[in-house]
Structure formats: structure tokens, C-alpha cells
Amino acid sequence: MKTQVAIIGAGPSGLLLGQLLAKQGIDNIIVERVSGEYVLGRIRAGVLEQGMVELLHEAGVSERMDREGEVHTGVELAFNDKRVRIALDELTGGDTVMVYGQTEVTRDLMEARQASGQTTVYEASNVQLNDVKTDAPYVTFEKDGESVRLDCEFIAGCDGFHGVSRKTIPDDVKTEHERVYPFGWLGLLSDTKPAHDELIYCKTDRGFALASMRSATRSRYYLQVPLTDKIEQWSDDAFWSELKRRLPTDVAASMETGPSIEKSIAPLRSFVCEPMQYGNMFLVGDAAHIVPPTGAKGLNLAASDVATLYKILTRVYQDGDRDCINQYSEVCLRRVWHGERFSWWMTNMMHDFGDVEVNGTDSQTFSRFMESELNFYTDNEEGRRVIAMQYVGLPYEQIK
């Protein structure tokens, strides 16, 4: 097999990159280790920044999102028996976010790729990246018991935190930064009316909670839980009971409950790999960075990586400009670190760290620091503007 760009991973970042490249006449093949059904079964984020919304429009896959997605002009922070609304549009000059599930984004991209006749190889095993430092890299894998070689000019590693792409970079070349948090998020998805028309981030003595949604009839809720907890410990009734204890009283009183469609526990971590490029291989999304979900940045940072790589490869193939290739890691990492810092900050402010020492500070002192931080930023308009500007996301950086 032969192509211009080999994309490793058929999640939303790989599919979006493939769609954008195809729009520019750049041939690409996607190689994925699991089935398409498995990819669609992953329950992930649902808050899209304006930049990602515009990128989906550019990719020509926004029709259903425009019809079914919900534009949100604000979010709420609930703590100390009060609720503070962060008016995103008013504080940022009109920027908003779109609530539209990652599963739906992935489905739209899959259907668009299938309709255009582009090649995606699912259930490929033993994927290996070869000669990525040369101008003739290639990918090898096994499919249906046969060995396959895919020759290409560039490789985009969109295969997530556990994928092969990052492991291709030698240990003495890359630096990995990691912070693992001492708790996880227990998430529940249900076909129930959302508890509120905007997301509510709740800080309580019992731990953090988030009331979110995927549509007007599908809700997504999260509880902070110890890393030692197991799904089997949490019946639906136990989840709803605990959630009501953490939500504002009036919201809890009117909340609709029902059977769960999915429950899962996700550990929280901050992770960045530097650099995000090795020769003609580029890391995209979770392959290079992970954020705690508190800031709603994971999928959006992946989209900004896609936008940067798409613009670089378009310039390479349309203008013959290969000098721009080496900008990728530097441009991406600036935005990645902004997203990492915001997610870390929000996680620190909104969660209960229990008896765990944080950054060399005892838990009680750290808790008071964060209480003061939260009050300081929500008690005045300029502080709320700082939160709003980071929540809606920074503009995508242009390639020089």
C-alpha cells in the first residue's frame, strides 16, 4: 500500500485530520487497531470550543452538529452554598461553546470518510512505525493474518496515550511530564432530561460533581471518587443519591433520574510529551498530551493539533514549503501548556484532595488556598473573564 500521509488511529483526531487533508486533495490512509464499532463505543467529551466547531465546518461534517448540538453561552460554578454563572459570551466578546458528544463527532466523521471512499484499515495488529527520521517512512501491520507494508511521506500518530506512535520516539530524545491525581471521575450516562440548561461544576465537602449533558434528552454526570473504587460498588441508585447530595439543593430536588446507559471510572492525570514531532512523524492529541477533564480541554487540544498539522501539510503539498514542518511541535505545545495549566488549575480549585499533601503543602492549608482562589476569581468581573477566556479556548495560532 502507498499513500502521502499515514494516520495511525481512527478516533476523532485521526478522522478529522483525514477529512481535512482529503478536502485539499492530499491522499491518506488510516490504520486502526480496533473495530469501528469499538471506537464508536467510547464515551468521551461533549464540550466543543469555537475553534473546533469552525474546524468541523471547514471539514464539511457540521450539518448534524449544527442541527442537534446546543450552543452554550455560560457555565456555572457552585460552592459554599452559592452559584456563580460564568457568562462566556459576555465576558469574551461573543465566544461560546457547543455541547455535542465526541461519539457523535466520530460518527459524523466516519460516515463522511466512508462516503468519500477513503481507505481505513480497522483491526490492524502489530502496528510498527519505521524510518520516521527519513523522507521515506513506512508503517507495517498485520491484517487478517497477512503482513502489510504502507509506504508514505508523513505519519500522524493519532493513536492515543497507549498507542505505538509516542513509543517510536527514543527515550533520550523525548521528555515526559506527568502528574497523577489521587482520585478519579465516576461517570454516568442516562437518557434523562439534563438537571440544568448549562453545565454546573460543584465543589462540596463530599467531593466534586459535574452536571453535564449530551443533548436535551441525554445527561452526563460525574462524581469524584477514590481511585480504589470499582464500578460494581456503585449501583444506579447509589450514584443518583450521592449526586443529589453534591448538587445545589434546588437542582437536586427537580432532577430527573433513570437507568444508566453507561458507567465508568476514569483516573485523572496531566501528561505532556515533548517534542511532539520526530522526523516526519507527528504526535496528535492524546498520543502527546492528557488533561484532567475539569477544563473540557482534551478533545479541543487534539483538534488544535489537527488544525496545525493540517495547515502545515497543506503548505507542503500545495506550495512545496518544507521549512514549515519543524514549526509543528513548538506551535502545538504553546497551546497544549495553556490547556494543561487551566485544567490543572480548575482541578485544584474544584476538588477535595482529602489528606493528600499537594505540591509540598499540607491538605488543610491547600484547601484554604483553593477556597480563597475560587472566591477571588468569581467575586469580580475580571476574575470571571479570566475563567471564561480560558474555557472557550485560545484562537488557533497561524503558521509562519
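User: How many bridges join S9 to S10, and what makes the two strands a pair?

Analyst: Four bridges join S9 to strand S10 (residues 138-143), and the two strands run antiparallel. Strands pair if DSSP finds at least two bridges between them, so four bridges meet the condition for S9 and S10. Ser125 stands opposite Glu142 in S10. This is a predicted model, in which local features need pLDDT of at least 70 and side-chain atom pairs count only at pLDDT 80 or more, while totals for chains, interfaces and linings use all residues. Residues are numbered from 1 along each chain as its sequence is written, and side-chain values use heavy atoms, without hydrogens or water.

User: Which strands are the edge strands of the sheet S9-S10-S11, and what makes them edges?

Analyst: The order S9-S10-S11 describes an open sheet of three strands with antiparallel pairing. Strand S9 (125-130) and strand S11 (146-151) each pair on one side only, and they are the edge strands. From one strand to the next, the twist averages 15 degrees.

User: Which strands stand at the edges of the eight-stranded sheet, and why?

Analyst: The eight strands form an open sheet of mixed pairing, in the order S6-S5-S14-S15-S16-S13-S17-S20. Strand S6 (82-87) and strand S20 (289-290) each have a single partner strand, so each is left with one side lacking a neighbour in the sheet.

User: How do you know that S16 pairs with S13 and S15?

Analyst: By the bridge counts. Strand S13 (residues 175-190) and strand S16 (residues 219-226) pair in the antiparallel sense over eight bridges. Within this pairing, Phe183 has Pro226 of S16 as its bridge partner, and Leu189 has Arg220. S15 is joined to S16 by five bridges, again antiparallel, and Ala211 is bridged to Tyr221 of S16. S15 and S16 also form a hairpin, with five residues between them.

User: What makes S16 mostly covered, and which helix lies across S16?

Analyst: Seven of the eight residues of S16 are buried (under 20% relative accessible area with a 1.4 Å probe, protein chains only; exposed is over 50%, partly exposed in between). Helix H8 (residues 236-246) lies across S16 at about 85 degrees. H8 also lies across S13, strand S14 (200-203), strand S15 (209-213) and strand S17 (260-274).

User: Does Glu242 count as buried or exposed, and why?

Analyst: Glu242 is at 6% relative accessibility and the cut-off is under 20%, so Glu242 counts as buried. Glu242 belongs to helix H8. Leaving aside residues up to four places away in sequence, Glu242 touches Arg206, Leu223 and Trp234 (contact means heavy atoms within 4.5 Å).

User: Which residues of H3 are buried, and what covers them?

Analyst: In helix H3 (residues 50-58) the buried residues are Gly51, Met52, Val53, Leu55 and Leu56. Their cover includes helix H1 (12-23), strand S3 (47-49), helix H4 (63-68), strand S7 (97-99), helix H6 (102-116) and H10. Just after H3, Gly60 has a positive phi of about 75 degrees.

User: Why are H10 and H11 called roughly antiparallel?

Analyst: The axes of helix H10 (residues 298-319) and helix H11 (residues 328-350) cross at roughly 165 degrees and come within 10 Å. Angles under 35 degrees count as roughly parallel, over 145 as roughly antiparallel, 65 to 115 as roughly perpendicular and the rest as oblique. Roughly 165 is over 145, so H10 and H11 are roughly antiparallel. The crossing is right-handed. The contact joins residues of H10, among them Asn300, Leu301 and Asp305, to residues of H11, among them Tyr328, Cys332 and Arg335. By class, this contact has seven nonpolar, four polar and two charged residues.

User: What makes H11 and H13 oblique to each other?

Analyst: H11 and helix H13 (residues 381-392) pack at an angle of about 125 degrees, with their axes 10 Å apart. That angle falls in none of the three named ranges, so H11 and H13 are oblique. Their crossing is left-handed. Arg341, Phe342 and Trp345 in H11 meet Ile387, Gln390 and Tyr391 in H13. The contact has four nonpolar, one polar and one charged residues.

User: Which strands does H11 lie across?

Analyst: H11 lies across strand S5 (74-79), S13, S14, S17 and S20, and runs at about 125 degrees to S17.

Terms used: Axes fitted to C-alpha atoms, helices over the stretch in contact; angles between N-to-C directions. Left-handed = near helix turned anticlockwise from the far one by under 90°. Nonpolar A, V, L, I, M, F, W, Y, C, P; charged D, E, K, R; others polar.
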